[in-house]
Amino acid sequence: MVYGNHSEKGSRPTIQDHLALHVSWLHGNELTVSDQSEHAGPKAPRQIRVLVKDDVIAVELRQQRHDGSYYVQRQQIALTWTACHYGGKRLWFICPTRHCERRIGTLFLSDDNVFRCRHCLKLAYASQRQTIEDRAAHSANHIRRRLGWAPGILSPVGGKPKGMHQKTFNKLVAKHDDFAATVLCHISACRNELGNL
Ligand SMILES: [Zn+2]
């Protein structure tokens, strides 16, 4: 049924961190799945009910809030069939993300509690990383301006501006180097990710 495992390899989210929904589970009219793995984290377990209609499934996700009330999220996912080589039909989900709509056998529950295909999940992480990288680059440039250095983390570093305390200067340089390392680290992470696509 639905499973959830956390990768042991570090904090970067992977497909294995997400609840999966396989098209092969859609036998009968209704499917109830619970996210009660020991890895589900501090959040309350999510109950996921899937109603199978003709060419669409209706997914209802319920999660109890701290105050005892329920958060409910509903999503409709279209189904499609292709003819098999040796007769019969094969069932697929159509990824519900707008502008994706891939034919796909497995969907994953993303952090915003909707199911998406693995391609859409990767894109979501790429844009999150972009945001972190952008913020770090912006902060590095802000410090460079204060120090009178040329903008851009790959530009040469300069000296201490006149009148600035050595302690302040050291602190700013250390901060700048941290932000620069964040940018460089994310650039290399993105490159690895692109290599895997
Ligand atoms: Zn998709």
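**Exercise 1. Find how many residues lie between β3 and β4 in their hairpin, then describe the pairing.**

Solution.
- Step 1. β3 and β4 form a hairpin with three residues between them. Helices (H or I, at least four residues) and strands (E, at least two) are DSSP runs, numbered from the N terminus.
- Step 2. This is a predicted model: local features need pLDDT of at least 70, side-chain atom pairs count only at pLDDT 80 or more, and totals for chains, interfaces and linings use all residues. Residues are numbered from 1 along each chain as its sequence is written.
- Step 3. Seven bridges pair β3 with β4, in the antiparallel sense. Two strands pair if DSSP finds at least two bridges between them.
- Step 4. Opposite I48 stands L61 in β4.

**Exercise 2. Follow β4 to its pairing with β5 and find the residue with a positive phi in their hairpin.**

Solution.
- Step 1. β5 covers residues 70–83; nine bridges join β4 to β5, and the two run antiparallel.
- Step 2. V56 has A78 in β5 as its bridge partner.
- Step 3. Five residues lie between the strands of this hairpin, and G68 takes a positive phi near 95 degrees.

**Exercise 3. Give the strand order of the three-stranded open sheet and name its edges.**

Solution.
- Step 1. The order is β1-β8-β9, with antiparallel pairing.
- Step 2. β1 (20–22) and β9 (115–116) are the edge strands; each pairs on one side only.
- Step 3. Two bridges join β8 to β9.
- Step 4. F108 has R116 in β9 as its bridge partner.

**Exercise 4. Identify the residues that touch the most other members of the largest nonpolar core, then locate the second core.**

Solution.
- Step 1. A nonpolar core is a set of buried Ala, Val, Leu, Ile, Met, Phe, Trp, Tyr and Cys residues joined through C-beta atoms within 7 Å. A residue is buried if 20 or more other C-beta atoms lie within 10 Å of its own, exposed if 12 or fewer, and partly exposed in between; C-beta atoms are placed from the backbone.
- Step 2. The largest core has 16 residues; V59, C95, L107, F108 and F115 touch the most other members.
- Step 3. Two or more residues come from each of β3 (46–52), β4 (56–64), β8 (106–109) and α1 (118–147).
- Step 4. Apart from this core lies another, of five residues, including A136, A140, F179 and V183.

**Exercise 5. State the element order and the buried share of the protein chain.**

Solution.
- Step 1. The protein chain has two helices and nine strands.
- Step 2. From the N terminus on, the elements run β-β-β-β-β-β-β-β-β-α-α.
- Step 3. Of its 197 residues, 15% count as buried.
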